[in-house]
Amino acid sequence: MNIKRAKEEIKNTAAAYLLKDEDGEYAIPSMRQRPVLLIGPPGVGKTQIMEQAARECGIGLVSYTITHHTRQSAVGLPRIETREFDGQEYAVTEYTMSEIVAAVYRKMEETGLKEGILFLDEINCVSETLAPAMLQFLQYKTFGSHKIPDGWIIVAAGNPPEYNKSVREFDIVTLDRMKRMNVEPDYTVWKEYALGKELHPAVLSYLDLKPENFCRIETTVDGKRFATPRGWEDLSDLLKVYERLGKEADREVVAQYIQFPAISKDFANYLKLYEKYQKDYQAEEILQGNWSEALCDQAGRAAFDERLSLVGLLLTKVRGSMRRLEDLEGQLELVMGRLRGIQEAIKEQGAGALRQEMSQMEGELEQKQIQGLLERREKRIRQGALAMLEEIAGGLEKEEIQEPWEFVREKFAGLSDGYEEMEKECGRKLERAFDFLEAAFGSGQELVVFVTELNASPACLRFLKEYHCPRYFQYNKSLLFEDQEQQMREQINQLKGNLR
């Protein structure tokens, strides 16, 4: 399965394991809740989906890479205690609490979340001394004499043997007590995640052209060489920071993340071309309607890779505008809901009521951060909403307002006007993108790529539900017909094969 389906299965497992019956007991008793075992190549995104699943389920997450642990840190340290049996005292060995079990209890105390996921990575690479204790843990959910609290789901992950020589195979007895999921890399699914994380457009543009380089792991006589999704994401972060610092990411820099010499060389060369395309075409100027016939002719005569890169540059700008519009809409909705909730208090207390509400919002934001339940976009929206409320509260405090609620309504109306203007500008940019692409490429494949990529962005789809763009629907309809025709051809070919 791909990583997206794996995340859904993790969420479904959490929903099933945490469901309680009419007596308040877990419908599936803790001892019958099989640990989940994710097996997949390195860097495919196993850790990221655990963070997303926990956040979307509203539960805690404690994450450990188990290869960093010794038997003592996982099980606890032995100590001698005196116990009485049948009237006689005996010295017995007990253990201090496992560091891992203690981390679960600490998470519960810090966040107030009583249920969660305990994620143990590289589970099949534990040391010889830790292996027996780990197998016992997977079967009985205890380290030493200390049990994982009820309400905490165990998820373990590991790499197949072909990727790691330290891997040890689990026996059938252990595997028969686990829910196993085999995860395979899938660029199309990963790209959805990458768009949401706003990865560097050069990385996405390159992988669109050469998706076969998204995840490649090979062993040769010269050693291992690999390019992984994790490598591309980390490289993307570096590229964005290097741009802000005015530094160049050359082949040697790329090779530090993409440790597959042929791919790192190829991407480094592409990155130079991408930077050249940025200077040559000035995508923002095109979206402002400032382009010449000469630039249009240059694009029309360009090589296929260059044309697709240009489409990518325009998409990056269009998606960015629509994403900012979506964030502003979220901020306005949050502010409006908060203001309505304290309408009467504002009428009586003015800015004081707003300050009190803002203090509560800041506390909620801090709590969600501590709990690890705050996604990046939600954080932007909450912070933006606080900035809006600060502007309104500041206006109330500077002036002697006789009707504070009317003042608040007028300020909010001004913010809403800003949203409407941004919405119009997004529409203008989209239309100008179509203008340029049609002038340069007619109704060629580039328009299909442009529309396809718009459909891959949630922010763009949200915008296009409200904004009427005839050319989007025209090309989208053409794309739909092409897909249907392709499906029909495949079905006919399959039928012919069956008849032979």
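**Exercise 1. Classify the burial of Arg382 and describe its salt bridge.**

Solution. Arg382 has a relative accessible area of 18% and is therefore buried, where buried means under 20% relative accessible area, exposed over 50%, and partly exposed in between (1.4 Å probe, protein chains only). The model is predicted: local features require pLDDT of at least 70 and side-chain atom pairs pLDDT 80 or more, whereas totals for chains, interfaces and linings use all residues. Residues are numbered from 1 along each chain as its sequence is written, and side-chain values use heavy atoms, with hydrogens and water left out.

Next, consider the partner. The side chain of Arg382 meets that of Glu364 in a salt bridge at 3.8 Å, N to O; the criterion is a side-chain nitrogen of Lys or Arg within 4 Å of a carboxyl oxygen of Asp or Glu. Because Arg382 lies in helix H17 and Glu364 in helix H16, the pair ties together parts 18 residues apart in sequence. Helices here are DSSP runs (H or I, at least four residues), numbered from the N terminus. Glu364 itself is partly exposed, at 27% relative accessibility.

**Exercise 2. Determine which residues of H16 are buried and how they are arranged about its axis.**

Solution. Begin with the geometry. H16 spans residues 351-371, which is 21 residues, and reaches 30 Å from its first C-alpha to its last, close to the 30 Å expected at 1.5 Å a residue; the expected span is 1.5 Å times one less than the number of residues.

Then list the burial. Ala351, Ala353, Leu354, Glu357, Met358, Met361, Leu365 and Gln371 of H16 are buried. Viewed down the axis of H16, these buried residues fall within an arc of 165 degrees, so they line one face of the helix; the arc is taken over the directions from the helix axis to the C-beta atoms. An α-helix has 3.6 residues a turn, so residues three or four places apart point the same way.

Finally, examine the surroundings. Gln356 and Glu366, on the other side of H16, are exposed. The cover over the buried residues of H16 includes helices H4 (99-111), H14 (304-341), H15 (343-349) and H17 (376-398). After H16 comes Gly372, with a positive phi near 75 degrees.

**Exercise 3. Compare two further salt bridges by the accessibility of their partners.**

Solution. The structure holds 37 salt bridges. In one of them, Glu453 and Arg319 meet at 3.9 Å, N to O. This pair links distant parts of the chain, with Glu453 in helix H19 (residues 445-455) and Arg319 in helix H14, 134 residues apart. Glu453 counts as buried at 13% relative accessibility, and Arg319 counts as buried at 8%.

In the second, the closest N and O atoms of Glu391 and Lys411 are 3.6 Å apart. Glu391 lies in helix H17 and Lys411 in helix H18 (residues 404-441), 20 residues apart. Glu391 is partly exposed at 42%, as is Lys411 at 27%.

**Exercise 4. Assign the geometry of the ring pair Trp232 and Phe267, and place the pair in its cluster.**

Solution. The ring centres of Trp232 and Phe267 are 5.3 Å apart and the planes lie at 80 degrees, so the pair is edge-to-face. Rings of Phe, Tyr and Trp (its six-membered ring) pair if their centres lie within 6.5 Å; planes under 30 degrees apart count as stacked, over 60 as edge-to-face and the rest as tilted. Trp232 belongs to helix H9 (residues 229-245) and Phe267 to helix H11 (residues 261-281), 35 residues apart. Both residues, Trp232 and Phe267, are buried. Ring pairs link them with Tyr206, Tyr270 and Tyr274 into a cluster.

Methods. Helix = DSSP H or I, 4+ residues; strand = E, 2+ residues; numbered from the N terminus. Contact = heavy atoms within 4.5 Å.
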